Amino acid sequence: MKKKRRWTGVIIAVLVIAMLLFAGFRTTLLDPIGFHAAHALKIEMKANTDDEPIVFIHGYDGSNWTFFTTTVRYSFSDFATRSLTLLVRENGDVEASGVYDRAMKRPMIRVNFENPRSIIPDNAAWFAKAMDLLKTKYGIEKVDVVAHSYGGLTFVNYLQKYNYKSNSYPKVTTFTAIGTPFNGSVVSSDGKTAYDLTKNGPKKESVYFQEMMKRQAKIPSDLEVLNIVGDLDDGSRSDGPVAVDSAKSAAFLFNKNDYREVLFTGRFAQHSWLHANIGVDQEIKSFIENTN
C-alpha cells in the first residue's frame with residue numbers, strides 16, 4: 001500500500017513539474033486550431049496591430065514544402081503563427097486555405113504557384129494576384145517578405161512592375177532573399193566566373209540583372225533588405241547552384257543604407273539547406289524584430 005502511495009506521489013510531482021514547464025513555455029504551434037474554432041463560433045479576438053504578416057515565396061520548382069519546416073520552427077519558438085496558404089493557379093485564380101486573424105502573432109502566409117517552373121514575369125503577375133487578395137479580402141496593410149532562390153527574383157519583378165504603381169497591395173516593410181541568383185546562375189569549380197564582382201559592380205551583367213538595374217528607381221527607397229548568401233567552402237565560391245558573387249550583386253540593386261548581408265559557409269550553406277538552416281532562421285527573426 002505504501003509503495004502504491006509512493007508511486008502516486010511521484011506521478012503527481014512529475015505532472016506538476018510538467019505543468020509548470022508548459023506554463024512557462026509559450027508556443028503558437030496549436031494557435032491555428034483555436035482561431036479556427038473562434039471563427040466557427042464567431043468569437044472576435046483582440047487584434048494585435050503591431051505584428052505584420054510574413055509572406056513566403058518559394059523558388060524555381062519549389063512547393064508548399066519549401067518553407068513548411070520554417071513555419072513549424074517559428075511556431076514552436078513562439079515567433080510567428082502558421083496562417084494562410086495561397087495557391088495561385090496559372091489563370092490567376094487564388095485558392096486560400098488555413099486561417100487568418102489580426103489577433104495572430106505574426107501570421108505566416110505561404111504563396112505557392114500552380115506552375116512552379118514558369119518564367120519570372122509570370123510568377124510576378126501571380127504574386128501580385130496573391131498580394132491583392134491579402135489586402136482586399138483580409139485587410140492586410142503591411143507585410144514582411146521572405147523568398148528563396150528564384151522567389152527573390154519574382155519578388156523584385158513584382159516590386160518593379162506592379163507594386164510601385166498601385167496602392168492596392170500591402171506595403172512591404174522588409175525583404176529577405178535566401179540564395180537568390182541576382183546576377184545569373186553561372187558557377188565554376190575554381191570559384192571564378194565572368195560575372196564576378198568588383199568594387200563597382202559585376203564584371204559582366206546578366207540580361208536579367210541589367211533589366212533590374214534599369215528599373216532600380218521603382219524599388220521603394222525605404223525597403224529594408226536582408227540578403228542571405230551561401231558558400232559551400234569547397235572552392236566553387238557558391239552554394240551549389242548560385243555563385244556567391246551572383247547573390248552579393250544585390251548590394252548594387254538596393255539602397256545601401258537599408259541593405260545588409262550575411263554569409264553562411266559549410267555543408268549547411270548548400271542552396272536547398274539554407275531555408276532549413278537554424279542559423280538563417282535566427283538571422284531573419286532578428287532582422288524582422290529589429291526592423292518592425
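Me: What covers the buried residues of H5?
Reply: Keep in mind that we're looking at a predicted model. Helix H5 runs from 150 to 161, and 10 of its 12 residues are buried. The elements covering those buried residues include E1, E4, H4, E5, E6 and H6.

Me: Which residues of H5 are buried?
Reply: H5 is mostly covered, and a residue counts as buried when its relative accessible area is under 20%. In H5, the ones that pass that test are Gly151, Gly152, Leu153, Thr154, Phe155, Val156, Asn157, Tyr158, Leu159 and Gln160.

Me: How far apart are the end C-alpha atoms of H5?
Reply: Try predicting it before you look: the helix has 12 residues, and at 1.5 Å a residue they should span 16 Å. The sum uses one less than the number of residues, because that is how the expected span is defined. The model agrees with the prediction, with the end C-alpha atoms separated by 16 Å.

Me: Which element gives the most residues to the largest nonpolar core?
Reply: The largest nonpolar core has 43 residues, and Phe155, Phe175, Phe182 and Phe254 have the most contacts inside it. Several elements supply at least two residues each, including strand E1 (54-57), strand E2 (81-88) and helix H5. The top contributor gives 9 residues, and that is H4.

Me: How many residues are in the other core, the one that lies apart?
Reply: In soluble globular proteins, nonpolar side chains tend to be buried together. Here there is another core apart from the largest one, with Tyr74, Phe79, Phe264 and Leu274 among its members. Its residue count is 19.

Me: Is Ile219 buried or exposed?
Reply: You'll find Ile219 in the loop between H6 and strand E9 (224-231). Leaving out residues up to four places away in sequence, Ile219 touches Val156, Leu159, Gln160, Leu253 and Phe254. Its relative accessibility is 9%, and the cut-off is under 20%, so Ile219 counts as buried.

Me: What distance separates the C-alpha atoms of Ile219 and His275?
Reply: Along the chain, Ile219 and His275 are 56 residues apart. In space, their C-alpha atoms are separated by 24 Å.

Me: What distance separates the C-alpha atoms of Leu29 and Arg82?
Reply: Leu29 is in the loop between helix H1 (2-24) and helix H2 (31-40). Along the chain, Leu29 and Arg82 are 53 residues apart. Through space, though, their C-alpha atoms are separated by 7.5 Å.

Me: What does Leu29 contact, leaving aside its neighbours within four places in sequence?
Reply: Leu29 has a relative accessible area of 30%, so it is partly exposed. Contact means heavy atoms within 4.5 Å. With that cut-off, and its sequence neighbours set aside, Leu29 is in contact with Val72, Ser75 and Phe76.

Me: Which residues line the largest cavity?
Reply: Searching the whole structure turns up 2 cavities of 30 Å³ or more. The largest holds about 40 Å³ of space, and its lining divides into 2 nonpolar, 4 polar and 4 charged residues. The names are Val187, Ser188, Gly191, Lys192, Thr193, Asp196, Ser236, Arg237, Ala243 and Asp245.

Me: How does the lining of the second largest cavity divide into nonpolar, polar and charged residues?
Reply: The second largest cavity has about 30 Å³ of space. Its lining is made of Asn183, Gly184, Val186, Thr193, Tyr195, Asp196, Ala243, Asp245 and Ser246. Sorted by class, they come to 3 nonpolar, 4 polar and 2 charged.

Me: What is the relative accessible area of Ser246?
Reply: Ser246 helps line the second largest cavity and sits in helix H7 (residues 244-248). Beyond its neighbours within four places in sequence, Ser246 contacts Thr180, Pro181, Phe182, Asn183 and Gly184. Ser246 is buried, and its relative accessible area is 4%.

Me: How much space lies in the second largest pocket?
Reply: Among the residues lining this pocket are Tyr60, Asp61, His148, His271 and His275. By class, the lining has 2 nonpolar, 8 polar and 1 charged residues. The space inside is about 150 Å³.

Me: What percentage of the protein's residues are buried?
Reply: Zooming out, the protein has 8 helices and 10 strands, and its C-alpha trace spans about 85 × 45 × 35 Å along its principal axes. Of its 292 residues, the buried share is 48%.

Terms used:
Residues are numbered from 1 along each chain as its sequence is written. This is a predicted model: local features need pLDDT of at least 70, side-chain atom pairs count only at pLDDT 80 or more; totals for chains, interfaces and linings use all residues. Side-chain values use heavy atoms; hydrogens and water are left out. A nonpolar core is a set of buried Ala, Val, Leu, Ile, Met, Phe, Trp, Tyr and Cys residues joined through side-chain atoms within 4.5 Å. Buried means under 20% relative accessible area, exposed over 50%, partly exposed in between (1.4 Å probe, protein chains only). Helices (H or I, at least four residues) and strands (E, at least two) are DSSP runs, numbered from the N terminus. On a 1 Å grid over the protein atoms alone, a cavity is a set of points where a 1.4 Å probe fits but cannot get out, and a pocket is an open set with protein on both sides within 12 Å along at least five of seven lines; lining residues have an atom within 4 Å of a point. Grid points are joined across faces, edges and corners, and a volume is the space filled by probe spheres set on the points. Ala, Val, Leu, Ile, Met, Phe, Trp, Tyr, Cys and Pro count as nonpolar, Asp, Glu, Lys and Arg as charged, and the others, Gly among them, as polar.
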